[in-house]
Amino acid sequence: MPPKSVCVYCGSRPGTDPDFMRDAQNMGQMIAEEGWRLVYGAGDVGLMGAVARSAQAAGAETFGVIPQLLVDWEIGKTDLTTYVITETMHERKKVMFMNCEAVVVLPGGAGSLDEMFEALTWRQLGLHQKPIFLLNTNGYWDPLVSLLNHVTAHGFADETLHGYYTTVPDPEACRKELRRALA
């Protein structure tokens with residue numbers, strides 16, 4: 001039976017807090033320790049590269065998906081177990097999502113938010129039941145959670161929206177939640 005796969009959305013930059021990089025490295029190692037496969041955006045820079053290198057170093061299978069447009073920009077990591085080049089960003093997101101059983105969102109920018117919101121919207125529409133976790137390193141995602149509370153408070157989504165994602169403070173808490181979700 002193939003390993004369970006965890007899709008990690010995260011920044012192609014390291015961010016300003018060294019704990020972002022630490023948690024990215026710990027996330028990659030944890031995925032390997034659990035015998036899961038890493039699915040991610042196939043970049044070798046920023047938090048993306050840190051997650052992948054850490055997962056590889058600890059023995060995990062890695063499945064990376066990158067659009068041709070970003071091969072040079074994000075420095076496509078060609079030494080992955082599986083390396084897929086897509087034509088578009090939309091295709092990238094679809095391939096990543098269809099090849100995982102759970103999603104973890106580390107700190108990141110507009111691209112990470114785009115990926116997370118697409119997965120959250122699909123969940124809200126009943127298109128999947130995959131768990132979505134926000135790895136909230138040092139409160140990074142607190143403003144996002146506040147925004148989602150604002151959205152529901154103003155009637156643009158039902159309160160059920162908050163049940164479609166789980167905020168976790170660190171990779172160890174994420175490990176426990178993923179174990180439960182992937183059991």
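How do the residues of the lining of the largest pocket divide into nonpolar, polar and charged? I shall answer that for the structure shown above, which is a predicted model. The lining divides into 16 nonpolar, 8 polar and 5 charged residues.

Let me set out the pocket itself. The largest pocket holds about 580 Å³ of space. Its lining comprises 29 residues, and those closest to the centre are Gly11, Ser12, Glu74, Gly109 and Gly111. Four elements give two or more residues to this lining: strand S1, residues 5-9; helix H2, residues 46-57; helix H3, residues 89-98; and helix H4, residues 110-124. The largest share comes from H4, with 5 residues.

Helix H2, one of those contributors, also brings me to the second topic, its packing with helix H1, residues 18-33. The two helices pack at an angle of about 35°, and their axes lie 7 Å apart. The crossing of H1 past H2 is right-handed. On the H1 side, the residues in contact are Phe20, Met21, Ala24, Gln25, Gly28, Gln29 and Ala32. On the H2 side, they are Gly46, Leu47, Ala50, Val51, Ser54 and Ala55. By class, this contact has 8 nonpolar and 5 polar residues, and no charged ones.

I turn finally to the aromatic pairs, of which the count is 3. One of them joins phenylalanine 20 and tyrosine 140, with ring centres 5.3 Å apart. Why is this pair classed as edge-to-face? The planes of the two rings stand at 80°, and angles over 60 degrees count as edge-to-face, so the pair falls in that class. The pair links distant parts of the chain, since its members are 120 residues apart. Phenylalanine 20 belongs to helix H1, whereas tyrosine 140 sits in the loop between strand S6, residues 132-135, and helix H5, residues 142-153. Phe20 thus appears twice in this account, in the contact of H1 with H2 and in the aromatic pair with tyrosine 140.

Note on methods
Residues are numbered from 1 along each chain as its sequence is written. This is a predicted model: local features need pLDDT of at least 70, side-chain atom pairs count only at pLDDT 80 or more; totals for chains, interfaces and linings use all residues. Side-chain values use heavy atoms; hydrogens and water are left out. On a 1 Å grid over the protein atoms alone, a cavity is a set of points where a 1.4 Å probe fits but cannot get out, and a pocket is an open set with protein on both sides within 12 Å along at least five of seven lines; lining residues have an atom within 4 Å of a point. Grid points are joined across faces, edges and corners, and a volume is the space filled by probe spheres set on the points. Ala, Val, Leu, Ile, Met, Phe, Trp, Tyr, Cys and Pro count as nonpolar, Asp, Glu, Lys and Arg as charged, and the others, Gly among them, as polar. Axes are lines fitted to C-alpha atoms, for helices over the stretch in contact, and angles run from 0 to 180 degrees between N-to-C directions. A crossing is left-handed if the near helix is turned anticlockwise from the far one by less than a right angle, and right-handed if clockwise. Contact means heavy atoms within 4.5 Å. Rings of Phe, Tyr and Trp (its six-membered ring) pair if their centres lie within 6.5 Å; planes under 30 degrees apart count as stacked, over 60 as edge-to-face and the rest as tilted.
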